[in-house]
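Work through the exercises below with the structure in view. Each task is followed by its solution.

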Amino acid sequence: MLPTSTNILIVGTGPAGLACAISLAVNGYKDIAIVDARPSGRTLSRAIVIHAQTLEELDTVGCADRLNARGLHAKYMTVRAQSTLLAKANFTSLAPRTRYPWALLISQAETEEILEERMNELGITILRPYNVTGMKSVEGGMLVQFETGETIKARYVVGADGSRSTIRQLAGIPFRDPLTGKEPHAERPRGVETDRELEKRLGKELVIADVHLSGRIPPEVNTEELSVFLSPLQFLLLVPLPSLKDDPNGRTVYRMSCPAEPGSADVTLPRLQTVLDSALGHLPHGGKPRVDRILWSSNFRVKSAVADRFFARLGDGAVALIGDAGHVHSPAGGQGMNLGIRDAIQLGRTLADVLRREADPGAAPHAARAYALQRLGQFSEERRRMAVQVIRMTKVMTWATGLETLPAQKMRDVVWWLMGRGSFVNNRLALRLSGLQAVEQTKKPAPAPAQQMSISVTGIENGIRSLLSKDPQSLQQGAGGAAIRVFSYVVLFACLLFPTVWLRRAVPLAAGVHA
Ligand SMILES: Cc1cc2nc3c(=O)[nH]c(=O)nc-3n(C[C@H](O)[C@H](O)[C@H](O)COP(=O)(O)OP(=O)(O)OC[C@H]3O[C@@H](n4cnc5c(N)ncnc54)[C@H](O)[C@@H]3O)c2cc1C
């Protein structure tokens with residue numbers, strides 16, 4: 001039953017809401033109510049990867065071992081242009097930095113099931129269906145109203161209610177693309193008539209589908225790899241997932257993601273087969289898998305946005321945002337759910353600490369309040385910075401895989417192939433995707449100016465983005481650093497180009513002859 005008051009109300013029971021409740025309870029705080037508008041849990045797979053830094057965080061709340069036992073441990077993420085291996089992000093190279101040197105492949109439905117199981121063990125259960133429709137600041141906290149007419153008073157309200165967050169909107173926190181300043185459009189904007197115009201305004205529509213494959217599967221597609229195949233017409237992401245619990249044959253499920261068929265709202269089996277044939281048809285060892293069955297599919301359009309603040313004090317109460325309520329972006333690199341779980345565990349720790357301080361009879365109320373503002377302000381700044389970094393990275397990845405003209409694609413393939421020759425770039429890519437790099441950067445002191453000249457993946461991305469950007473503000477901020485970074489990039493590129501063996505290989509690749 002819904003209580004009339006609580007210290008913390010968590011709205012939303014996706015991975016972020018569940019992880020926040022677990023983190024609060026593990027850190028000694030259980031005066032929580034957690035609600036969801038849905039009458040029951042979800043069965044959709046959506047996010048499929050849990051990265052190393054997220055596993056490290058999940059371990060602090062007793063969930064990593066259970067997840068690791070259920071998922072597949074992928075060692076590599078490979079990018080191929082037809083038969084040519086362009087890059088191979090090597091997650092095993094993370095071993096000195098983490099106990100989890102892999103990308104864990106597991107469906108979001110299973111992840112949520114495991115998190116809910118852990119939360120129940122800690123004595124917290126979900127209250128549903130409770131759809132939040134209103135919220136106002138009152139003496140001593142926030143009064144939250146539900147569709148049923150019931151209300152609950154809470155000192156802190158945690159918005160874990162997804163990308164269209166009601167809590168974010170009721171708190172009046174803007175949500176926009178940090179690079180363009182635009183708000184994401186959920187619907188077709190007014191005046192946009194054709195699909196082509198829509199694509200230009202909102203980006204391409206993509207398909208995700210979980211399927212069963214049969215027939216001979218090429219060795220390049222195995223349970224140790226997440227594979228991206230680039231071809232002149234499209235890209236295909238192909239990722240193995242553990243078999244479904246109720247499948248008596250224990251068959252591997254495959255996640256396919258590719259551009260949607262123009263003008264078609266449905267994901268069809270022939271369309272997926274065509275994309276699969278064109279992606280795998282050039283592999284040297286052959287094998288022609290057949291798409292047997294679509295288990296689940298969805299169309300979506302890539303949007304990027306971040307909340308202006310992840311914490312806001314409203315009178316006596318306060319609101320914090322986590323997960324998709326705070327940030328949305330392209331699924332490239334499987335970052336969304338990871339970022340959300342990490343926001344949630346950090347917020348749980350911070351809130352538990354703040355509430356402990358407030359409950360201390362020896363602490364002066366104004367000092368406890370100042371402490372809360374400082375800790376939660378820090379949380380907000382740090383999580384927003386992480387979200388903006390991920391938005392930048394996923395925009396670059398989406399842009400690179402979606403290039404449309406043949407010369408641009410060839411150029412991309414050659415650059416990628418050259419960069420992917422040594423282990424340095426492949427290992428850095430794995431480090432970046434894992435989330436470990438972002439955390440290491442926050443622990444480091446600010447770099448001295450001379451160190452800022454060193455080549456980093458972030459630097460290259462930011463430099464290229466700011467040089468390519470038509471946004472004057474972005475150019476202003478990035479132009480000086482960008483020149484240095486692009487210069488460093490050209491030097492690196494020239495060094496890589498030099499050896500004749502690479503030159504001999506690069507020329508046929510650019511000409512479209514694949515080994
Ligand atoms: C099609 C698709 C594919 C995706 N693929 C990937 C991927 O490959 N990799 C990846 O990392 N991420 C992926 N994502 C993103 C990932 O699913 C999200 O990042 C993740 O689900 C966010 O978790 P969350 O807990 O913040 O929000 P959600 O999972 O959206 O949960 C929000 C919860 O809040 C509840 N709620 C909403 N409004 C209210 C209200 N007013 N009152 C009460 N409850 C409410 C909802 O019922 C829901 O249960 C994908 C998303 C989509 C849509």
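**Exercise 1.** Find which element gives the most to the shell around the ligand.

Solution. α8 gives the most, with four residues. Helices (H or I, at least four residues) and strands (E, at least two) are DSSP runs, numbered from the N terminus. The model is predicted: local features need pLDDT of at least 70, side-chain atom pairs count only at pLDDT 80 or more, and totals for chains, interfaces and linings use all residues. Residues are numbered from 1 along each chain as its sequence is written.

**Exercise 2.** Describe the shell around the ligand and state where the ligand lies.

Solution. Step 1: 34 residues surround the ligand (C-beta atom, placed from the backbone, within 6 Å of it), and Gly12, Gly14, Gly162, Gly323 and Gly336 are the closest. Step 2: α1 (15-26), β17 (290-301) and α8 (336-359) are the elements that give two or more residues. Step 3: domain 1 (5-71 + 106-182 + 305-383) and domain 2 (195-301), with bounds from an automatic or database domain assignment, both give residues to this shell, so the ligand lies between them.

**Exercise 3.** Check the span of α1 and decide whether α1 is largely enclosed or not.

Solution. Step 1: the expected span is 1.5 Å times one less than the number of residues. For the 12 residues of α1 this gives 16 Å, which agrees with end C-alpha atoms 16 Å apart. Step 2: 11 of the 12 residues are buried (20 or more other C-beta atoms within 10 Å of their own, all placed from the backbone), so α1 is largely enclosed by the rest of the structure. Step 3: just after α1, Gly28 takes a positive phi of about 90°.
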